[in-house]
Each structure stands twice: as structure tokens, then as C-alpha cells.
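Here's a quick briefing on two ligand sites and one helix pair. Have the structure open while you read.

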Amino acid sequence: MKILVTGAAGFIGANFVYYELGKHDDEIVGLDALTYAGNLETLEVALQNPRFKFVKADITDRTAMDALFAEEKFDVVVNFAAESHVDRSIENPEIFLMTNIIGTQVLMDAAKKYAVGRFHQVSTDEVYGDLPLNRPDLLFTEETPIKTSSPYSSSKASADLLVGAYARTYGFPATISRCSNNYGPYQFPEKLIPLMIANCLANKQLPVYGEGLNVRDWLYVEDHCKAIDLIIRKGKVGEVYNIGGHNEMTNIDIVKLILNALDKPESLITYVTDRKGHDLRYAIDPTKVGKELGWAPETMFADGIKITIEWYLNNRDWWGKIVSGEYTQYYDKMYANR
Ligand code: NAD
Ligand code: DAU
């Protein structure tokens with residue numbers, strides 16, 4: 001098979017490339033526009049594999065996508081490419097609509113024209129909005145109504161609706177997965193876990209939004225990749241699959257765990273003004289993907305976070321460059337006077 005992986009130089013896309021190259025004999029074309037979030041260094045090892053090729057391109061570029069699909073004749077497309085950070089979407093929604101909605105449509109048009117056998121859209125549990133903190137019995141199922149909070153989640157939900165429309169209207173062979181918060185190697189340090197690790201190591205303040213009581217359902221990135229691998233091979237066309245780790249934690253507990261692991265004082269914690277429209281709690285019911293495809297999370301949080309912290313300790317070069325470039329301006333703007 002030949003698989004197109006978009007967003008291949010980002011966090012989950014790159015982890016997926018490595019998972020697929022290790023698990024199967026397929027040819028992989030990794031595509032990425034190399035925005036601030038894409039890092040070709042992440043794919044350094046993959047680039048030495050003759051079954052992997054990298055293409056720098058923008059998924060909103062219709063001409064480029066048409067030419068690429070005409071030439072490569074993909075069997076499967078897995079669309080990870082997206083603007084992915086909620087805080088950035090609050091500051092500047094437009095690029096989220098362009099990449100996440102129009103980009104998905106452009107890709108689907110190319111996939112439809114060149115008869116790609118399967119199009120998988122990587123979506124998020126954020127399309128379901130949030131759950132109350134005092135109702136631990138409530139979980140997101142695939143039937144939970146779409147009800148978004150941020151420009152980011154609205155753009156992802158819009159893309160999901162378009163994918164569903166293409167499936168129904170044109171018989172387009174699509175699947176969608178909606179996953180909870182991922183963590184692991186190669187995550188951009190603007191996101192909670194790598195940001196807190198990087199700040200700890202620099203003895204910088206750890207900005208916790210609000211009271212730190214919001215809850216996320218954390219999943220080790222490789223477990224997410226395994227689920228997507230199963231869906232593109234065995235999942236049913238037209239279906240949505242929720243993916244989650246049954247691992248709910250408050251933000252403050254995560255931050256304290258990282259402080260503890262790195263032997264840093266809790267005095268580094270700074271409570272800052274809350275995120276606008278901040279979702280309270282995410283929690284996924286992954287029963288369907290378990291029953292239909294035999295998927296279950298394999299990495300316990302205690303192990304996954306240990307591996308992740310070790311990875312950031314051993315790969316300071318990778319993230320050190322990132323936190324010194326454009327990111328510095330972003331960080332100052334996002335966190336100043338907060
Ligand atoms: P990321 O920001 O690390 O990576 C996104 C990648 O997409 C980057 O490499 C970027 O350069 C690329 N990209 C952006 N715009 C592009 C464009 N126009 N054309 C081509 N490439 C472009 O994000 P991530 O955390 O790896 O997320 C990947 C996907 O998974 C996203 O669709 C996101 O919505 C979804 N998701 C993420 C999580 C999570 O916890 N990180 C959870 C559920 C779903
Ligand atoms: O649930 C899946 C989603 O998870 C994905 O779709 C998104 O792409 C991904 O970014 C993530 O969204 P979150 O908003 O949950 O992740 P983030 O790491 O930005 O924040 C996690 C929690 O930590 C959230 O409650 C906000 C809080 N937070 C975040 C940052 C960056 C802080 O308290 N301080 C911070 O500095």
C-alpha cells in the first residue's frame with residue numbers, strides 16, 4: 001500500500017510515520033507545510049528509510065494536491081495536518097478555518113478524483129464540547145452531539161461534518177477518529193505537558209490556567225497511532241471511532257507530578273488568568289473501537305509520563321531550538337500580564 005500522511009512533521013503525524021514504518025511494509029509519503037509546528041528534524045531517521053519520502057506542501061494548495069495525487073496514486077490518506085493549539089485559535093481563528101476546514105476539503109477532492117481507497121480524518125474529542133466536573137459518570141460517546149467551544153474545535157467539527165457529507169453524498173470512503181489529549185515524544189512545547197517540562201528544566205514559572213482543576217483524558221501517543229492503524233485497515237467506512245485512555249487527571253495534578261519527577265519546588269507554579277471559554281472536562285468512552293477493532297490503551301500513564309520526561313531530558317537539542325525562535329515571541333505575547 002502507499003499511504004499519504006499529512007502533518008507528518010508534527011507531533012502525532014511523525015509518531016504515526018514511525019509506527020507504520022516499524023509495523024508494516026507499506027510505502028509512506030509524509031507531507032507537511034512545515035509551519036511553526038512542523039519540524040523536519042523529527043523525521044531525520046524516517047528519511048533514511050527507502051519506504052519513506054517527504055513532500056513539503058500545503059494541504060490548502062489545490063494545484064499542488066492535484067499534482068501529487070495524480071503522480072503518487074495513494075491507496076490511503078491519513079489527515080493529521082492541522083492548526084492544533086486552542087490558545088492560538090483564540091488569538092487568530094482564520095488560519096484554523098483555512099487549514100482545518102478548507103485543507104480537508106481540498107484533500108478530499110483530490111482523494112475523490114484519484115479514487116483513493118480510504119480517507120481517514122484525525123479529529124478530536126473537543127468537537128463534543130466539555131463535560132461537567134461533578135458528573136464523572138458522563139463520557140463522550142460517538143453519539144454525543146457536536147457542541148464546540150473554541151475556534152479550533154469548531155474548525156475540527158466543521159471538517160468532520162464535511163467528511164460525513166462527502167461520505168453520504170458521494171459515497172466517499174472515509175473514517176473519522178476522535179481522540180483525547182495525547183502526550184509523548186516530539187510534542188511541541190506550547191502544549192501543557194512539554195511546556196511544563198521545558199519550563200521546569202529552565203526553572204521558569206509554570207503557568208496554570210484558572211485553578212488548575214480542568215480535567216483531560218491523557219493517552220500515550222503510540223496508543224493513538226495503534227488505533228488509527230487499526231481503523232485504516234479494519235475500520236468500517238462511514239464510521240466514527242472515539243479513542244481515549246480512561247485516564248482523567250486535573251491539570252494541577254499533572255503539573256505537580258512533573259515537578260516531583262524533576263525534583264523541582266512547587267513554588268514554580270503560578271496560577272494565571274484562565275483560557276477564554278476553557279473546556280472543563282474531557283472524557284472518552286472508547287467502547288466501540290475496543291469491541292469492533294480490539295483496540296485498548298496499552299501504556300499506563302505512570303510509564304508513559306516517565307518515558308516522555310526522559311525523552312525531553314535526552315533531547316534538549318530538539319526542543320531547545322524551538323523554545324528559542326518564534327516561540328519566544330509567542331510565549332511572551334501569550335503569557336505576559338496574565
Ligand atoms: P501539531 O501541531 O504538532 O502538528 C500539525 C502538523 O500539521 C504540523 O507539522 C504542521 O506543520 C502541519 N500543518 C499545519 N498546517 C498545514 C497545512 N496547511 N498543510 C500541510 N501541513 C500543515 O499537531 P498534533 O498534536 O500532531 O495533531 C495532529 C492532528 O491530531 C490534528 O489534526 C489535531 O487536531 C489532532 N488531535 C490532536 C490531539 C493532541 O492531543 N495533540 C488529540 C486529538 C486530535
Ligand atoms: O483533547 C484533544 C485536544 O487536546 C487536541 O485536539 C488539541 O489539538 C490539543 O492541543 C489538546 O487540547 P487542550 O487544550 O486540552 O491541550 P493544551 O495542552 O493546550 O491544554 C491542556 C490543559 O492544560 C487545558 O486545560 C489548558 C491547560 N493549560 C495549558 C497550557 C498551554 C494550562 O493550564 N497552562 C498552559 O500553559
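A polar contact here is a pair of N or O atoms within 3.5 Å. By that yardstick, D58 qualifies, with a polar side-chain atom 2.9 Å from a nitrogen atom of ligand 1. Bear in mind that this is a predicted model.

**Ligand 1**

- Besides D58, the side chain of D32 reaches ligand 1, putting an N or O atom 2.5 Å from one of the ligand's oxygen atoms.
- The backbone joins in too: a polar backbone atom of N182 sits 2.8 Å from an oxygen atom of ligand 1.
- On its own, ligand 1 has 820 Å² of accessible area, and the protein covers 96% of that.
- The shell around ligand 1 counts 29 residues, and I12, D32, S84, Y152 and K156 are the closest.
- Sorted by class, those residues are 15 nonpolar, eleven polar and three charged.
- At least two shell residues apiece come from α1, β2 (27-32), β5 (118-124) and α5 (151-170).
- β5 is the top contributor to the shell around ligand 1, with three residues.

**Ligand 2**

- Y152 turns up again here, with a side-chain N or O atom 2.6 Å from an oxygen atom of ligand 2.
- E126 has a side-chain N or O atom 2.8 Å from an oxygen atom of ligand 2.
- For N181, a polar side-chain atom lies 2.8 Å from an oxygen atom of ligand 2.
- The protein covers 94% of the 690 Å² of accessible area that ligand 2 has by itself.
- There are 25 residues around ligand 2, and D125, Y152, R275, H278 and Y335 come nearest.
- The class split for the ligand 2 shell is ten nonpolar, eight polar and seven charged.
- α3 (86-91), α6 (192-201) and β8 (206-209) each put at least two residues into the shell around ligand 2.
- β8 has the largest share of that shell, at three residues.

**The α1/α7 pair**

- Helix α1 (residues 11-23), which also supplies residues to the ligand 1 shell, packs against helix α7 (residues 221-234) at an angle of about 65°, with the axes 9 Å apart.
- The crossing of α1 and α7 is right-handed.
- On the α1 side, the contact is made by F11, I12, N15, F16, Y19, E20 and K23.
- On the α7 side, the contact residues are V221, E222, H224, C225, K226, I228, D229, I232 and R233.
- By class, the contact of α1 with α7 has eight nonpolar, two polar and six charged residues.
- I12 does double duty: it is part of the α1 contact with α7, and I12 is also among the closest residues to ligand 1.

Technical notes
Residues are numbered from 1 along each chain as its sequence is written. Chains are lettered from A and ligands numbered from 1 in the order in which they are written. This is a predicted model: local features need pLDDT of at least 70, side-chain atom pairs count only at pLDDT 80 or more; totals for chains, interfaces and linings use all residues. Side-chain values use heavy atoms; hydrogens and water are left out. Axes are lines fitted to C-alpha atoms, for helices over the stretch in contact, and angles run from 0 to 180 degrees between N-to-C directions. Helices (H or I, at least four residues) and strands (E, at least two) are DSSP runs, numbered from the N terminus. A crossing is left-handed if the near helix is turned anticlockwise from the far one by less than a right angle, and right-handed if clockwise. Contact means heavy atoms within 4.5 Å. Ala, Val, Leu, Ile, Met, Phe, Trp, Tyr, Cys and Pro count as nonpolar, Asp, Glu, Lys and Arg as charged, and the others, Gly among them, as polar. A residue is near a molecule or strand if one of its heavy atoms lies within 4 Å of it. A polar contact is a pair of N or O atoms within 3.5 Å; within protein, one must be able to donate a hydrogen and the other to accept it, and residues adjacent in sequence count only if both atoms are side-chain atoms. Accessible areas come from the Shrake-Rupley method with a 1.4 Å probe; for residues, only the protein chains shown count as cover.
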